[in-house]
Amino acid sequence: DGVYIKGLFLQGAGWEKKNSILVEANPMQLVCLMPTIHFKPVENKKKVAKGMYMAPCYYYPNRAGGMGRPSFVVAVELKAGEKSPDHWVKRGTALLMSLDY
């Protein structure tokens, strides 16, 4: 069940493929390509598991949207790794569907 999505970009953090966790981005790296993500449907999920960051996913890097359309699409649970989820909130970590403005 679900759908596989590839081609998303991670902004404000890096991704460690080995453990599938968020890490600090390499110097001078603004975005990194995310591996394929499996989105599974769930029924009325209430709580976020400890150590998970709810990363917002946007159509464009301009998070405010444009031309009367919002840019926000969905929140995606990512493992926060050694840092707390609040750390990634302060970094503005998000997923992007496109790098074009």
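Where is Ser98 found? In this predicted model, Ser98 sits in the segment that comes after strand S9, the strand formed by residues 94-96. Ser98 counts as buried because its relative accessible area is 19%, which falls under the 20% limit used for that word. The side chain of Ser98 reaches the backbone nitrogen of Asp100, at a distance of 3.1 Å. Once its neighbours within four places in sequence are set aside, Ser98 is in contact with Tyr59, Tyr60 and Pro61, and two of these names lead on to the aromatic rings.

A pair of aromatic rings is described by how far apart the centres lie and by the angle between the planes. In this structure the count comes to 2 aromatic pairs. One of them is formed by Tyr58 and Phe72, whose rings meet edge-to-face, with 6.0 Å from centre to centre and 70° between the planes. This pair links distant parts of the chain, since Tyr58 belongs to strand S7 (residues 52-58) while Phe72 belongs to strand S8 (residues 72-79), and the two residues are 14 residues apart. As for their surroundings, Tyr58 is buried, with a relative accessible area of 13%, whereas Phe72 is partly exposed, with a relative accessible area of 44%.

Tyr59 and Tyr60 also form an aromatic pair, and this one is tilted, with the centres 6.0 Å apart and the planes at 45° to each other. The pair counts as tilted because an angle of 45° is neither under 30 degrees, as stacked rings require, nor over 60, as edge-to-face rings require. Tyr59 is partly exposed, at a relative accessible area of 39%, and Tyr60 is likewise partly exposed, at 36%. Both of these tyrosines are among the residues in contact with Ser98, which is itself buried.

From the rings we can turn to charged side chains. How many salt bridges does a search of the whole structure find? The search finds 1 salt bridge, and it is formed by Arg91 with Glu24, whose closest N and O atoms are 2.9 Å apart. Here too the pair links distant parts of the chain: Arg91 lies in helix H1 (residues 85-91), Glu24 lies in the loop between strand S4 (21-23) and strand S5 (31-33), and 67 residues separate them. Arg91 counts as partly exposed, at 45% relative accessibility, and Glu24 counts as partly exposed as well, at 32%.

The loop that holds Glu24, between S4 and S5, is also the place of Met28. Met28 has a positive phi of about 70° although it is not a glycine, and it is exposed, with a relative accessible area of 83%. A positive phi is also found at Ser20, where the value is about 55° and the residue is again not a glycine. Ser20 lies in the loop between strand S3 (14-16) and S4, and it is partly exposed, with a relative accessible area of 33%.

Finally, a record gives a name to much of what has been described. The UniProt annotation "domain: Dynein heavy chain C-terminal", which comes from an unreviewed entry, covers residues 1-97. Within that span, 7% is helix and 37% is strand, and the C-alpha atoms at the two ends of residues 1-97 lie 22 Å apart.

Notes. Residues are numbered from 1 along each chain as its sequence is written. This is a predicted model: local features need pLDDT of at least 70, side-chain atom pairs count only at pLDDT 80 or more; totals for chains, interfaces and linings use all residues. Side-chain values use heavy atoms; hydrogens and water are left out. Rings of Phe, Tyr and Trp (its six-membered ring) pair if their centres lie within 6.5 Å; planes under 30 degrees apart count as stacked, over 60 as edge-to-face and the rest as tilted. Helices (H or I, at least four residues) and strands (E, at least two) are DSSP runs, numbered from the N terminus. Buried means under 20% relative accessible area, exposed over 50%, partly exposed in between (1.4 Å probe, protein chains only). A salt bridge is a side-chain nitrogen of Lys or Arg within 4 Å of a carboxyl oxygen of Asp or Glu. A polar contact is a pair of N or O atoms within 3.5 Å; within protein, one must be able to donate a hydrogen and the other to accept it, and residues adjacent in sequence count only if both atoms are side-chain atoms. Contact means heavy atoms within 4.5 Å. UniProt positions are given in the numbering used here, feature names are shortened, and annotations may be inferred rather than shown by experiment.
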